[in-house]
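Student: I should like to learn how a structural model is read, feature by feature. Could we begin with the way in which helices pack, and then turn to sheets and single residues?

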Amino acid sequence: MPLIQIRNTVPNFNAIKIAAFFLLISLFMTGCVSPAKINSWVTSYYEQNETLGIKNSKNVIVVKSSTPATSDDNMASTEKDKSSMLPLVFYYTWKQGDFCAVNEYVPLQIFNANMLSFANKKGLQKKLTGKKLELTISNIPHLFYYNEKGWMFWLIFHVGQSDISISPTIKPINVKYRLLQGTTALQSGDISLVSSDSTFRDKSSHSAQKTTAKYLNQYDLSIKKLSEDCVDSLLNRL
């Protein structure tokens, strides 16, 4: 009798091992995104961005941050906020949230490059002939929150869904400007700007990296819009 009982438990034990094996595979395939991955995605995205590194050779308009950053710093720094997973034999769910800080050097370069182009288009460069304009930006947008939740069910084939949303941290943006002629300050003031960036969701993509890249593209456009709003405001003041 004991031998029969042992033999009957073998197939069940093998089935459990197989189930555990496939569960581990699925966990590796769709598990939570690590902060290191988010950092690498942001870095990869901006390494291919031709806007970065453009300088104002004439120094007519100088853009800087109240908290200076350089290209030598990490492109992004991500910290885990929350992470949970409910793994069952054939079904599991997960949730995660991460705070990501993009190196402020990135939005400053995008702001600067687009501003120079737009300022030339709108005639601000010409208006500054013989003068210099210094801009110091406080709270330039560079923080976002990565939030993901999903579920998966598998038996022979697996089905599931992942919902990713990426939200910017919105703060009041202040630009202090000084119009100089030589070392003499002709005019100074403050400009308040509002970012057009908003929460980004993409349920059509099955790639967290592609979704992150799409959000960063939206983020870049919002920085460019800020630079154009700044030019329009300066034209009304100078």
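Tutor: Let us begin with a pair of helices, bearing in mind that this is a predicted model. Helix α3 (residues 105-122) and helix α5 (residues 208-235) pack with their axes 8 Å apart, at an angle of about 45°.

Student: How is that angle between α3 and α5 to be classed?

Tutor: Angles under 35 degrees count as roughly parallel and those from 65 to 115 as roughly perpendicular. The value of about 45° therefore makes α3 oblique to α5. The crossing of α3 past α5 is right-handed.

Student: Which residues make the contact between the two helices?

Tutor: On the α3 side, the contact is made by P107, I110, F111, N114, M115, F118, A119 and K122. On the α5 side, the residues include Y219, I223, L226, C230, V231, L234 and L235, together with charged ones such as D220 and K224.

Student: Where do these helices stand in the chain as a whole, and what is the order of the elements?

Tutor: The chain has 5 helices and 9 strands. Read from the N terminus, the order is α-α-β-β-β-α-α-β-β-β-β-β-β-α. Of the contacts between residues at least 6 apart in sequence, 77% join residues at least 24 apart. Buried residues account for 39% of the 238 residues, and the accessible surface comes to about 13800 Å², with 57% of that area belonging to carbon and sulfur atoms.

Student: Let us turn to sheets. What is the strand order in the open sheet of 4 strands?

Tutor: As a general idea, strands of a sheet pair through backbone hydrogen bonds, either parallel or antiparallel. Here the open sheet of 4 strands has the order β1-β4-β7-β8, and its pairing is mixed. The edge strands, each pairing on one side only, are β1 and β8 (184-193). Neighbouring strands of this sheet are turned against each other by 20° on average, direction ignored.

Student: Which strands pair in the parallel sense, and over how many bridges?

Tutor: Strand β1 (residues 61-65) pairs with strand β4 (residues 132-138) in the parallel sense over 5 bridges. The partner of I61 in β4 is L133, K64 stands opposite T136, and S65 stands opposite I137.

Student: How many bridges join β4 to β7, and in which sense do these strands run?

Tutor: Strand β4 is joined to strand β7 (residues 173-181) by 7 bridges, and the two run antiparallel. In this pairing E134 stands opposite R178, and T136 stands opposite K176. Strands β7 and β8 also pair in the antiparallel sense, over 9 bridges; here R178 stands opposite S188. Residue R178 thus has a partner in β4 and another in β8.

Student: In what way do the side chains of β1 point, and which of them are buried?

Tutor: In a regular strand the side chains alternate between the two faces of the sheet. Along β1, I61, V63 and S65 point to one face and are buried, whereas V62 and K64 point to the other and are not buried.

Student: S65 brings us back to the sheet. Which strands does each helix touch?

Tutor: S65 has I137 of β4 opposite to it. Helix α3 packs on the sheet, where it touches β1 and β4, and its direction makes about 160° with that of β1. Helix α5 also packs on the sheet, touching β4, β7 and β8, with its direction at about 130° to that of β8.

Student: Which residue that is not a glycine has a positive phi?

Tutor: Most residues other than glycine have a negative phi. N139 has a positive phi of about 65° although it is not a glycine. This residue lies in the loop between β4 and β5 (143-154), and its relative accessible area of 42% makes N139 partly exposed. A glycine with positive phi is G182, near 70°, in the hairpin of β7 and β8, which has 2 residues between the strands.

Student: As a last case, is S165 buried or exposed?

Tutor: A residue counts as buried under 20% relative accessible area. S165, at 9%, is therefore buried. This serine belongs to strand β6 (residues 158-168). Leaving aside residues up to four places away in sequence, S165 touches Y145, Y146, N147, T199, F200 and R201.

Note on methods: Residues numbered from 1 in each chain as written. Predicted model: local features only at pLDDT ≥ 70, side-chain atom pairs only at ≥ 80, totals over all residues. Heavy atoms only, no water. Buried < 20%, exposed > 50% of the residue type's maximum accessible area, 1.4 Å probe, protein only. Contact = heavy atoms within 4.5 Å. Areas by Shrake-Rupley, 256 points an atom, 1.4 Å probe, with all protein chains shown as cover. Pairing = 2+ DSSP bridges. Axes fitted to C-alpha atoms, helices over the stretch in contact; angles between N-to-C directions. Parallel < 35°, antiparallel > 145°, perpendicular 65-115°, else oblique. Left-handed = near helix turned anticlockwise from the far one by under 90°.
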